[in-house]
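Colleague: Let's go through this one together. I'd like to see how each label gets earned.

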Amino acid sequence: MSGQTENLLMGKYELKERIGAGSSGIVYLAWDRHLERHVAIKEAKCSAKQEENGMLKQEMEMLKSLKHPMLPAVYDFFLETKRYLVMEYIRGESLHNYIEREGAIPEKQACAWALQLLNLFSYLHGQKPPVIYRDLKPDNIIVCPDGNLRVVDFGTAYHVRYDSRAAHLAGTAGYAAPEQLCGEADERSDLYTIGATLYHMLTGHNPAGPPYGIRPVRCINPELTQDMEWIVEKCTKEEPSKRYQTVEELKTDLEKGTFFGRQHLFGTIGKKRRNQYPLRKLERRIWLTEKKTTGLFTAGFLLCGLCAGMLSMQADGRETPLPVIVYNKQGQKIIIRYDSAYKPEGNLLFELEQELFEKEGLFELSVGLTDCETGEKQERIFYIRGGGPEGAAEAEKGK
């Protein structure tokens with residue numbers, strides 16, 4: 001915008017700069033000369049006549065009917081050459097930009113932010129009729145200076161009525177639930193967008209960009225817990241009936257975890273996960289031996305036809321991805337990365353440092369596998385009793 005006249009709306013709103021674009025228009029930072037405060041002004045994309053009953057007016061009416069600390073307040077709605085919506089200016093940066101700058105969000109923080117978003121969705125879904133947001137994504141989430149989140153851009157939100165479809169297709173590729181492509185959405189669609197947003201936070205990968213889609217989060221960041229991987233996967237199931245059905249269900253699982261390790265391996269979530277991905281017996285035998293010359297223990301597994309996943313150990317409530325040296329049946333050294341696929345033939349030997357098992361106690365040795373064709377996940381747990389070479393050589397197979 002150029003010129004004093006073009007920069008002034010309604011004789012009092014002085015446009016400063018463009019700060020974003022939403023589904024229903026372009027957003028500017030402005031100065032309210034009368035009340036001496038910054039505001040956010042959204043300009044409709046279409047003409048005033050076209051916008052008479054358009055998205056910007058719907059957004060205004062929606063926000064006027066809602067009162068929640070995570071939502072912006074509405075101050076004004078007026079017509080000049082186009083229609084304009086004046087809202088509270090929320091200081092901070094988009095979660096998208098935050099992730100671009102800081103990288104993946106630590107699991108504990110991502111969980112806390114997901115719970116904040118669920119509190120908002122609990123409020124929205126509790127309206128009569130329920131309000132379905134449909135377009136949750138990091139671009140629409142503001143990280144405030146105090147570390148809390150606010151949500152903006154209600155241009156696609158609507159009151160759901162179960163006897164009719166949404167007024168128009170809405171959502172963002174990579175984050176929107178599959179049914180939204182057919183113009184359908186309900187509370188479970190919002191939970192899908194929560195899962196996709198949580199995926200972006202935990203991995204730093206935008207599901208709308210290469211390699212596209214939502215993969216198991218531990219394939220990207222093996223330090224994440226299995227519980228969190230299971231939660232993200234359940235949120236983003238293609239069929240709505242297989243997802244969490246309510247906000248409260250998802251909140252319950254998130255609130256159970258401290259997410260510092262495999263805390264729930266034998267708890268509620270862990271049991272669900274093992275039942276959902278039944279383990280077939282893959283290994284023919286397992287042995288642990290001390291190599292006198294190298295000071296290493298060797299665990300041998302038969303991993304027929306599956307893509308190698310991750311090897312990790314838990315002790316003292318913490319899970320640690322293990323650096324391993326892998327050999328094939330010819331004795332050749334193999335490099336297996338967490339994000340690569342390898343179809344082994346015959347036995348693979350994983351060599352682990354002896355020092356890992358010198359401390360007394362029971363250790364969990366976990367081998368996680370993913371079938372690259374079906375996406376089926378499998379896991380095998382072994383228990384190793386530490387306390388020196390004698391104790392480490394004693395292994396108990398996990399059930």
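Colleague: What makes strands 7, 9 and 10 an open sheet, and in which order do they run?

Modeller: This is a predicted model, where local features need pLDDT of at least 70, side-chain atom pairs count only at pLDDT 80 or more, and totals for chains, interfaces and linings use all residues. The 3 strands run in the order 7-9-10 with antiparallel pairing. Strand 7 (93-94) and strand 10 (149-151) are the edge strands, as each pairs on one side only. Residues are numbered from 1 along each chain as its sequence is written, and side-chain values use heavy atoms, with hydrogens and water left out.

Colleague: How do you know that strand 7 and strand 9 pair?

Modeller: Two strands pair if DSSP finds at least two bridges between them. Strand 7 and strand 9 (residues 141-143) have 2 bridges, so they count as paired, in the antiparallel sense. S94 has I142 of strand 9 as its bridge partner.

Colleague: And what counts as a strand or helix in the first place?

Modeller: Both are DSSP runs, numbered from the N terminus: H or I over at least four residues for a helix, E over at least two for a strand. The protein comes to 9 helices and 21 strands.

Colleague: Why is M10 called partly exposed?

Modeller: Buried means under 20% relative accessible area, exposed over 50%, and partly exposed in between (1.4 Å probe, protein chains only). M10 has 42% relative accessibility, so it counts as partly exposed. M10 sits in the loop between strand 1 (8-9) and strand 2 (13-22), and its phi is near 55°, a positive value in a residue other than glycine.

Colleague: What makes E36 exposed, then?

Modeller: E36 has a relative accessible area of 60%, so it falls on the exposed side of the cut-off. E36 also has a positive phi, near 55°, without being glycine. Its loop lies between strand 3 (25-32) and strand 4 (37-44).

Colleague: How much of the protein is buried?

Modeller: Buried residues make up 50% of the 399 residues.

Colleague: Where is the cis peptide bond, and what is its omega?

Modeller: The cis bond joins K128 and P129, with omega about 0°. P129 belongs to the loop between helix 3 (107-125) and strand 8 (131-132).

Colleague: What share of the contacts links residues 24 or more positions apart?

Modeller: Taking a contact as heavy atoms within 4.5 Å, such pairs account for 60% of the contacts with a separation of 6 or more.
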